[in-house]
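Please open the model in your viewer and keep the sequence panel beside it, since this tour moves from one selection to the next.

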Amino acid sequence: MGIVAGLDSSAEFTRIVVCDTDTGAVLRQGYAAHPGEPKAVDVDPQNWLLSLGEAATGGLLEGVEAIGVSAQQHGLVPLDAQGGLVRPALVRNDKRAQVAAADLVESLGGRQAWTEAVGSVPGAGQPVAKLRWLARTEPENAQRVAMVLQPHDWLVWQLLGRPARRTTDRGAASGTGYWSPRTGAYRPDLVELALGHQAVLPEVLGPSEAAGITPEGLLVSAGTGETMAAALGLGLGPGDAVVSLGASGSVMAVHHEALADPSGTITSFADATGMHLPVVSTSNAVRALRGTAEMLGAESLDELSALALKSTPGASGLVLLPYLEGERTPNLPHTAGTLSGLRRESMKPEHLARAAFEGMLCALADAMDVLRGRGVEVRRVFLLGAAAALPAVQALAPALFGAQVVVPQPADYAALGAARQAAWALGVARGTLSPSAPPPWQGAVAQILEPGDELPAGQAVRQQYVATREQIHPGAFGH
């Protein structure tokens, strides 16, 4: 038995879990908020080190032999030739870079050119768009940029004592907009397109490789982005998908190859194990529930959920296309939501509540079908987000998704994934683990929901939803 630690430096805090190398059992944990303004988009990276130090107080890391680092992905740390900070790190989905992202799409020749190059279309959060914004709005700073790191790369470099070698992993690299998951190589020409000149990029390590040893003798694994770390912490494998229920939604699955999608609907990430994580996002998920709750005077989503369960499958013929903020999947950026099937008997609060839950989940099932249509197998669906606990979501999701639904208990999955990666790198370094598979830690403690007898009713609701969508937005999915 050994002890490893996983560190997750998110946008607002640092969490550390200390785990048993063999089982993954959590032995100790620490937490500290980052100092400074919580929602800032310009951040001093030293804040991440300060909260790391605070989270690790009280002997938390005593006896730890290896550490893994997970960190926020929408981040850019621009360094000069001496390794000094050119300006504060640019973090989050920074709307200042929206014009820069659109500019880049056009500069390379459109969405298809980007998806073929790096598996994704530039968005405001990606480092490539932040580089373009920097070149356009702070040209003097941009000229000084000699090296580009992401938050996880920078933290690993700091832990190792700022060595000459700087590293990243394929998971984090796949979110930059200038590394291709399909070829496993950087596209330096895209850095130059964005920044105006070349910059040094960190070496991309393999999943089980170590980044180095700290001055204190601690092995540091490659580290990765939060999404990839959470997938590793949840224990995802082929056949598993994750549906994230935030204001907007996303469907992510584990797949054996990178998926290039000419339409840009699928964003192709690499994971932290050597596999791939194709993602399809929707603009509307829980925001459709909140809007319906306000419309019906329900004081909470729990109240809306209870109301929905008084209705029956199909909501007495009501169908809500929940495209309230336009929609990404299908690509209808300027559309509005639609409530269809109004009859005298369907005009009751419980039917509208039910239609909101069915509409949200059917829209996510549409997103899942985009992946299934490209050969991605989905046998289990992990539901994440606070709304996953709502009884109406749990009652409807298995039949609408046509798969077993897993609702994991809340836990620090990104930190757990970072710890699991540390245990893997430690085991490989000692010759006790294979580089081809992470240690078989116990999976997430979860509630398991099966479609069961509700499957035919769920399929009928999907058909009703798809028929309505095709009538109002014919060919939205290119069929």
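Begin by selecting helix 14, which gives the most to the lining of the second largest pocket, with three residues. Bear in mind along the way that this is a predicted model.

**The second largest pocket**

The pocket that helix 14 helps to line has a volume of about 410 Å³. To find the middle of this pocket, select V26, Y413, L416, G443 and A444, which are the closest to its centre among the 21 residues that line the second largest pocket. Next, colour strand 3 (26-33), helix 9 (226-234) and helix 14 (413-430), the elements that each give two or more residues to this lining. If you colour the lining of the second largest pocket by class instead, you should find 11 nonpolar, eight polar and two charged residues.

**Aromatic pairs**

Stay with strand 3 and turn to the rings, for a search of the whole structure finds three aromatic pairs. Select F13 and Y31: the ring centres are 5.5 Å apart and the planes stand at 45 degrees, so this pair is tilted. F13 belongs to strand 2 (residues 13-20) and Y31 to strand 3, and the pair links distant parts of the chain, with the two residues 18 apart. Are these two residues buried, exposed or partly exposed? F13 has a relative accessibility of 21% and therefore counts as partly exposed, and Y31, at 45%, counts as partly exposed as well.

A further pair to select is Y178 with Y186, which is also tilted, with 6.4 Å from centre to centre and 35 degrees between the planes. Here Y178 has a relative accessibility of 2% and so counts as buried, whereas Y186, with a relative accessible area of 23%, is partly exposed.

**Charges over rings**

Go back to F13 and add R15 to the selection, because the charged end of R15 sits over the ring of F13, 4.6 Å from the centre of that ring. For another example, select R96 and W133, where the charged end of R96 sits over the ring of W133, at 4.4 Å from the ring centre.

**An open sheet**

Now switch to a cartoon view and look for an open sheet of four strands, which has the order 4-7-6-8 and antiparallel pairing. Which strands form the edges of this sheet? They are strand 4 (42-43) and strand 8 (147-149), each of which pairs on one side only. Select strand 6 (residues 75-79) together with strand 8 to see two strands that run antiparallel and are joined by three bridges. Within this selection, P78 has V148 in strand 8 as its bridge partner.

**The largest cavity**

For the last stop, turn to the cavities, of which there are three of 30 Å³ or more. The largest cavity holds about 50 Å³ of space, and you can outline the largest cavity by selecting T115, E116, A117, V118, G119, S180, P181, R182, A258, L259, A260 and S268, which line it. Which element gives the largest share of this lining? That is helix 3 (residues 111-118), from which four residues of the lining come. By class, the residues that line the largest cavity are six nonpolar, four polar and two charged.

Conventions
Residues numbered from 1 in each chain as written. Predicted model: local features only at pLDDT ≥ 70, side-chain atom pairs only at ≥ 80, totals over all residues. Heavy atoms only, no water. 1 Å grid on protein atoms, 1.4 Å probe; cavity = no way out; pocket = protein on both sides within 12 Å on 5 of 7 lines; lining within 4 Å. Points joined across faces, edges and corners; volume = space filled by probe spheres on them. Nonpolar A, V, L, I, M, F, W, Y, C, P; charged D, E, K, R; others polar. Phe/Tyr/Trp six-rings, centres within 6.5 Å; stacked < 30°, edge-to-face > 60°. Buried < 20%, exposed > 50% of the residue type's maximum accessible area, 1.4 Å probe, protein only. Lys NZ or Arg CZ within 6 Å of the ring centre and 35° of its normal. Pairing = 2+ DSSP bridges.
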